[in-house]
Amino acid sequence: MFSRNENLKDLVWSPFKEDEFIAYGSDLWLYKIKNSSSSEKSIKLNDESFAELVVNYGKNSNPKQVSWYCGKENNYLYSISLSNHKIQLISYNPENSLNFEINKEFSFKQTRQCTQLTWNPCQKNLLAGGFDKIRNEHSILVWDVRGNIPSPTALFDLNTESVINCINFNQNKISYSNKMINSNMVMGDYKQTSFKAVYETGNAETCNSLAWNPNQENQLFAGVNGKLKVFDIKSSRALLSVTSKYVHGIAVDYNNQYQMASYFDNQAVIWDIRMFNAPIHKIDEPDHIEKIQWCPKNNHKYHMVEILRPNLSYLLSLKLTVNPNS
């Protein structure tokens, strides 16, 4: 259980249950929100709710990145990047397990740190990872977690409807449907197969941030080596590229496929990717920004973006939204 002095890196809400979240810092903890404290492992959130520890990964595991799998056939599957340069798929079975289970560990030619992990919200079997620069290795990889064995596409619902898996906005009430194979079959495949990247790019570069476009299933945004780039994983070249210092924290607006945000130091910017030569709006902050993200819902007049600074988080309403139909 983390303490008040714990330096938390991030918090990830479950895309399925509005009362569950993962927090990670020196360890990874799965919590469930309850109305009363039932053990010493509970943390008081306010006068009406407590966060009760369900399970933790292990002392001093020191995760760098955690991404919650958004396919409905398994509500407790996660991809994690560890400080020992390993990437793992781990799961938790609430029916008969007291610990996280390691289902798959990725192997690489060169030892290097994975700094970004994100599941494709449309093609949910695709996982993208971003890496530090090392020699001539690619800094952006995309894996198909179905493995390298023949697997009928019909087993997976690869529809283009966005299943939003935002990090801190709890948006469990957003409805969507899938027809996926059952959890036992999926986890069996994870254990029996190896994962080879189905897409590689960013040769001899450093990936600073990475995000899928929730409105375009094959479109991947990345901040690499002082540039913002838009990739189509069906193509060998970048669709768009612009030189910029705002290469951190890329976040694509869930309600507008042309609008994205990024930041550098204490300044966040908004982009229209159809006019990708310069930002259309800048937001100055008195302190350095740690994270930005879009609210998955809007009121048709304003789009909401959350700015996170040390010990402070607030919502900013933007009326100057890009017209998605123009």
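Buried means under 20% relative accessible area, exposed over 50%, and partly exposed in between, with a 1.4 Å probe and protein chains only. Strands (E, at least two residues) are DSSP runs, numbered from the N terminus.

This is a predicted model, in which local features need pLDDT of at least 70, side-chain atom pairs count only at pLDDT 80 or more, and totals for chains, interfaces and linings use all residues. Residues are numbered from 1 along each chain as its sequence is written, and side-chain values use heavy atoms, with hydrogens and water left out.

**Exercise 1.** Find out how strand E14 sits in the structure and which strand it pairs with.

*Solution.* Start with burial: of the six residues in E14 (residues 207-212), five are buried, so the strand is largely enclosed by the rest of the structure. Next, look for its partner. Two strands pair if DSSP finds at least two bridges between them; E14 and E15 (residues 219-224) have five, in the antiparallel sense. One of the partnerships is Cys-207 with Val-224 in E15. Finally, trace the connection: a hairpin of six residues leads from E14 to E15.

**Exercise 2.** Work out the strand order of the open four-stranded sheet, and name the strands at its edges.

*Solution.* The order is E18-E19-E20-E21, with antiparallel pairing. E18 (248-252) and E21 (281-284) are the edge strands; each has a single partner strand, so one side of each is left without a neighbour in the sheet. From one strand to the next, the twist averages 15 degrees. Now step inside the sheet: six bridges join E19 (residues 259-264) to E20 (residues 267-272), and Ser-262 has Val-269 of E20 as its bridge partner.

**Exercise 3.** Locate the largest nonpolar core and say which strands supply it.

*Solution.* A nonpolar core is a set of buried Ala, Val, Leu, Ile, Met, Phe, Trp, Tyr and Cys residues joined through side-chain atoms within 4.5 Å. The largest one has 16 residues, and among those with the most contacts inside it are Leu-30, Trp-68 and Phe-100. Strands E2 (20-24), E3 (28-34), E6 (63-68) and E7 (77-82) each supply at least two residues, with the largest share, three, coming from E7. A second, separate core has 14 residues, including Ala-211 and Val-269.

**Exercise 4.** Decide where to read the model with care.

*Solution.* Check pLDDT, the predictor's confidence in each residue, from 0 to 100. The protein chain averages 78, and 74% of the residues score at least 70. Over residues 149-193, however, pLDDT stays under 50. Where pLDDT is low, the predicted coordinates should not be read in detail.

Conventions: Axes are lines fitted to C-alpha atoms, for helices over the stretch in contact, and angles run from 0 to 180 degrees between N-to-C directions. Contact means heavy atoms within 4.5 Å.
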